[in-house]
Amino acid sequence: MIEALGGWLRQVVAAVLLAALIDLLLPNRTMQRYVRLVAGLFILLTLAGPLLSWIQGDMDAKLAAGIEWAERGPAVGEDGGQLEAIMAEAKRIGAGRDEQAAELAVKGLEAQIKAVVEQEEGTAVKTVKVEAAPSADGTLAVEAVKIRLADPGTAAAAEGGEPVAEVEPVAPVVVDIDIGTNADDGKNYDRAAPAAAQTDAQPADDGLEGRIAALVAGRFGIGTSKVEVDRASDG
Amino acid sequence: MDILQIVGIGLLTAILILVIREQKPMFAFLLATFFGIAVFLALIGKIGGVVSMIEELADRSGIQSVYLKTMLKIIGIAYIAEFGAQIVRDAGLDSIASKIEFAGKMLILVMAVPIISIIIETVLGLLPAGGGA
């Protein structure tokens with residue numbers, strides 16, 4: 001507060017000094033009245049600066065634009081108005097296009113996350129919702145990712161490790177049994193282990209959410225805290 | 001030392017103009033114009049020093065650069081208008097000189113338009129029934 005007050009006071013003093021200096025620098029008295037008017041307005045603007053920026057936030061930008069217009073506007077005339085209108089239209093169209101591009105990017109990211117999670121974790125994903133917002137430097141930044149997994153019952157019914165079960169008959173490694181009986185037990189055990197793991201994976205879902213969050217975070221460079229995984233309660 | 005040189009050249013130019021004016025008034029006018037331009041060019045470096053000093057001062061005090069730019073432009077307009085008006089007045093055309101001065105005044109006033117508009121907008125915005133500005 002005191003700092004802001006000090007800065008404001010310094011600005012006022014500088015504006016007054018500048019006005020005095022300019023009054024001194026004037027070549028003759030014919031322009032004096034006009035220059036004094038402008039200098040006085042500047043001092044007034046500096047004095048009321050905090051109030052003005054409180055009432056209309058972008059006062060500085062507006063003032064800069066106004067002075068730009070004052071330098072160019074009267075000379076350019078109608079063309080300047082037309083150009084301004086065209087520029088405004090271009091800005092509007094550009095903003096619309098940016099919005100569309102952001103929407104497309106978000107949709108693409110959602111589809112990619114869904115595909116990666118389904119492929120890597122083997123669980124059915126019901127919906128993926130990505131919330132993105134433009135950051136300070138104009139680029140799109142992901143705010144949050146909400147992944148809703150499909151109900152485990154339906155997921156198991158739909159996919160549920162059936163391909164793995166089909167593989168089992170394809171392993172007639174029984175041929176090896178003839179060579180060494182001692183090693184057979186181990187091999188049989190080894191072969192059974194993945195199947196057991198597959199069947200265990202469905203009930204042991206405690207770490208699945210964390211794993212999916214870590215997978216998405218690692219693959220897409222999104223902070224783990226921004227990834228939210230939950231289960232669809234109603235199938 | 002510079003001032004001695006400038007005063008010396010000025011005196012010399014004045015004598016020359018007085019001599020030439022009888023024979024060729026046109027050349028007298030040209031000589032006066034050239035002297036004015038030469039003095040301006042000789043002092044342009046020093047003007048640059050003063051301007052940079054003012055800029056540094058304004059930068060340090062945190063004043064907006066828009067203010068300083070506008071003020072410097074006003075001084076520039078005033079000086080150029082004055083310079084042109086005096087040359088034309090020397091040629092004996094007071095009416096043209098006053099038109100140049102008028103143009104300078106108008107251009108200075110145009111600089112004030114954005115400030116006035118911002119102040120008026122703010123005042124209107126402060127009023128309760130100010131049209132919702």
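In this predicted model, Val38(A) reaches across to the other chain: setting aside residues up to four places away in sequence, Val38(A) touches Ile74(B), Ile108(B), Met111(B) and Ala112(B). Val38(A) also turns up among the best-connected members of the largest nonpolar core, a set of 36 residues in which Val35(A), Val38(A), Phe42(A), Ile74(B) and Ile108(B) touch the most other members. Both chains feed this core, with two or more residues coming from each of α1 (2-25), α2 and α4 (59-76) in chain A and from each of α2 (25-61), α3 (65-90) and α4 (94-126) in chain B. The biggest contributor is α3(B), which supplies 10 residues. A separate core of 15 residues sits apart from this one, and its members include Ala124(A), Ile212(A), Val227(A) and Val229(A).

Phe42(A), another of the core residues with the most contacts to fellow members, is part of helix α2 of chain A. Is Phe42(A) buried or exposed? Phe42(A) has 26 C-beta neighbours inside 10 Å, and the cut-off for burial is 20 or more, so Phe42(A) counts as buried. Its contacts go both ways: beyond the neighbours within four places in sequence, Phe42(A) meets Ala15(A) and Ala19(A) in its own chain, and Tyr67(B) and Ile115(B) in chain B. Leu18(A) lies 24 residues away from Phe42(A) along the chain, yet their C-alpha atoms are separated by 9.9 Å.

A little further along, Leu45(A) belongs to the helix α2 that spans residues 32-47 of chain A. Leu45(A) is buried too, because 22 other C-beta atoms lie within 10 Å. Not counting residues up to four places away in sequence, what does Leu45(A) touch? The partners are Ile115(B) and Ile119(B). Within chain A, the C-alpha atoms of Leu45(A) and Ala15(A) are 9.6 Å apart, although 30 residues separate the two along the chain.

Now for the way α2(A) sits against α1(A). The two axes come within 9 Å and cross at roughly 175°, which makes α1(A) and α2(A) roughly antiparallel. On the α1(A) side, the contact is built from Gln11(A), Val12(A), Ala15(A), Val16(A), Ala19(A), Ile22(A) and Asp23(A). Facing them from α2(A) are Val35(A), Arg36(A), Ala39(A), Phe42(A), Ile43(A), Thr46(A) and Leu47(A). Sorted by class, the residues of this contact come out as 10 nonpolar, 2 polar and 2 charged.

Turning to the interface as a whole, 35 residues of chain A are in contact with 36 residues of chain B. On the chain A side, α1, α2, α3 (49-55) and α4 each give two or more residues. Which element gives the largest share of that side? It is α4(A), with 10 residues. The chain A side splits into 26 nonpolar, 6 polar and 3 charged residues. For the pairing, the model scores ipTM 0.77 and pTM 0.51.

Chain B has a helical pair of its own to look at. Helices α2(B) and α3(B) pack at an angle of about 170°, with their axes 12 Å apart, and are therefore roughly antiparallel to each other. From α2(B), the contact draws on Phe29(B), Ala32(B), Thr33(B), Gly36(B), Val51(B), Ile54(B), Glu55(B) and Ala58(B). From α3(B) come Leu68(B), Leu72(B), Phe83(B), Ile87(B) and Asp90(B). By class, that gives 9 nonpolar, 2 polar and 2 charged residues.

As for overall make-up, chain B contains 4 helices and 0 strands, so its elements simply read α-α-α-α from the N terminus. Of its 133 residues, 20% count as buried. Among contacts in chain B with a separation of 6 or more, 39% join residues 24 or more positions apart. The mean pLDDT of chain B is 85, and 95% of its residues reach 70 or more.

Chain A mixes element types, with 10 helices and 3 strands. Read from the N terminus, its elements run α-α-α-α-α-β-β-α-α-α-α-α-β. Buried residues make up 16% of the 235 in chain A. Pairs 24 or more positions apart account for 56% of the chain A contacts with a separation of 6 or more.

Terms used:
Residues are numbered from 1 along each chain as its sequence is written. Chains are lettered from A and ligands numbered from 1 in the order in which they are written. This is a predicted model: local features need pLDDT of at least 70, side-chain atom pairs count only at pLDDT 80 or more; totals for chains, interfaces and linings use all residues. A residue is buried if 20 or more other C-beta atoms lie within 10 Å of its own, exposed if 12 or fewer, and partly exposed in between; C-beta atoms are placed from the backbone. Two residues are in contact if their C-beta atoms, placed from the backbone, lie within 7 Å. A nonpolar core is a set of buried Ala, Val, Leu, Ile, Met, Phe, Trp, Tyr and Cys residues joined through C-beta atoms within 7 Å. Ala, Val, Leu, Ile, Met, Phe, Trp, Tyr, Cys and Pro count as nonpolar, Asp, Glu, Lys and Arg as charged, and the others, Gly among them, as polar. pLDDT is the predictor's confidence in each residue, from 0 to 100. Axes are lines fitted to C-alpha atoms, for helices over the stretch in contact, and angles run from 0 to 180 degrees between N-to-C directions. Angles under 35 degrees count as roughly parallel, over 145 as roughly antiparallel, 65 to 115 as roughly perpendicular and the rest as oblique.
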